[in-house]
Amino acid sequence: MSNYVRYRVPGGCYFFTVNLLDRKKHLLTEHIDLLRDSFRTVKQQRPFHIDAIVVLPEHLHCILTLPEGDDDFSGRWRAIKKTFSKQLPITEHRSDVRLKRHERGIWQRRFWEHALRDELDYARHVDYIHYNPVKHGWVERAADWQYSSFHRFV
């Protein structure tokens, strides 16, 4: 098994990409209320701030800021994914490996993260997040995508 080394900054601000395992499914937008509830539930247990977010049908991007002295973003993502998955009926195909590990077949196992270095890096990632629905052809203007923090920024 791979040993992933992640760059951790206590109290840091991070950009994340999190994907569904089956990129043809639209679970995230079809069950947006469950996803929002999952974020809310985990946020109450293990605080974090959502600086910017966009939820597309099969993946999401966000910027999270952790509390001072805390660098456990992996635990938060594990909890968000688990909370969301537990609320859905088991209808997906699960490989023998996933069954053995008691995993659902909803999320890709890992996520992509990037510790934001400065204000310019932050601004570029906020723009990337908000433009993403346009980039993927879901809408013509960022303002037209309802599952985005774009509206908070304007």
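Helix 3, residues 73–86, gives the most to the lining of the largest pocket, with seven residues. Keep in mind as you explore that this is a predicted model.

**Two pockets**

Let's stay with the largest pocket for a moment. Its volume is about 700 Å³, and 22 residues line it. Those nearest its centre are Arg78, Lys81, Glu103, Gln108 and Arg109. Sorted by class, its lining holds twelve charged, six nonpolar and four polar residues.

The second largest pocket has a volume of about 320 Å³. Nearest its centre, among 15 lining residues, lie Arg36, Ile50, Ile53, Val55 and Arg152. Which elements each supply at least two residues of this lining? They are helix 2 (32–45), strand 2 (49–55) and helix 6 (150–153). Helix 2 has the largest share, six residues.

Here are the two pockets side by side.

| Pocket | Volume | Lining by class |
|---|---|---|
| Largest pocket | about 700 Å³ | six nonpolar, four polar, twelve charged residues |
| Second largest pocket | about 320 Å³ | seven nonpolar, four polar, four charged residues |

**A look along helix 3**

Now back to helix 3, which is a nice place to try a small calculation. At 1.5 Å a residue, its 14 residues should span 20 Å, and its end C-alpha atoms are 20 Å apart, so the two values agree.

At the N-terminal end of helix 3 you will find a cap: aspartate 72 places a side-chain oxygen 2.9 Å from the backbone nitrogen of glycine 75.

Which residues of helix 3 are buried? They are Phe73, Ser74, Gly75, Arg76, Trp77, Ile80, Lys81, Phe84 and Ser85. Notice that Lys81 is on this list and is also one of the residues nearest the centre of the largest pocket. A general rule helps when you read such a list: an α-helix has 3.6 residues a turn, so residues three or four places apart point the same way. The cover over the buried residues of helix 3 includes strand 1 (13–19), helix 1 (27–30), helix 2, strand 3 (59–65) and strand 4 (112–115).

**Around histidine 59**

Next, find histidine 59, where two side chains meet a third. Glutamate 58 sits in the loop between strand 2 and strand 3, and its side chain is joined to that of histidine 59 by a polar contact of 2.8 Å. The side chain of asparagine 132 makes a polar contact with the side chain of histidine 59 as well, at 3.1 Å. Asparagine 132 belongs to helix 5, residues 119–135.

Are these two partners buried or exposed? Buried means under 20% relative accessible area. Asparagine 132 has 0% relative accessibility, so it counts as buried. Glutamate 58 has 8%, so it counts as buried too.

What else do they touch, leaving aside neighbours within four places in sequence? Asparagine 132 is in contact with Val54, Leu56, His59 and His61. Glutamate 58 is in contact with Asn19, Leu20, Arg23, Lys25, Leu28 and Trp138.

**An exposed glutamate**

Finally, visit glutamate 68, in the loop between strand 3 and helix 3. Exposed means over 50% relative accessible area, so glutamate 68, at 81% relative accessibility, counts as exposed. Which residue, 58 residues away along the chain, has its C-alpha atom 6.1 Å from that of glutamate 68? It is proline 10.

Note on methods:
Residues are numbered from 1 along each chain as its sequence is written. This is a predicted model: local features need pLDDT of at least 70, side-chain atom pairs count only at pLDDT 80 or more; totals for chains, interfaces and linings use all residues. Side-chain values use heavy atoms; hydrogens and water are left out. On a 1 Å grid over the protein atoms alone, a cavity is a set of points where a 1.4 Å probe fits but cannot get out, and a pocket is an open set with protein on both sides within 12 Å along at least five of seven lines; lining residues have an atom within 4 Å of a point. Grid points are joined across faces, edges and corners, and a volume is the space filled by probe spheres set on the points. Helices (H or I, at least four residues) and strands (E, at least two) are DSSP runs, numbered from the N terminus. Ala, Val, Leu, Ile, Met, Phe, Trp, Tyr, Cys and Pro count as nonpolar, Asp, Glu, Lys and Arg as charged, and the others, Gly among them, as polar. The expected span of a helix is 1.5 Å times one less than its number of residues. Buried means under 20% relative accessible area, exposed over 50%, partly exposed in between (1.4 Å probe, protein chains only). Contact means heavy atoms within 4.5 Å. A polar contact is a pair of N or O atoms within 3.5 Å; within protein, one must be able to donate a hydrogen and the other to accept it, and residues adjacent in sequence count only if both atoms are side-chain atoms.
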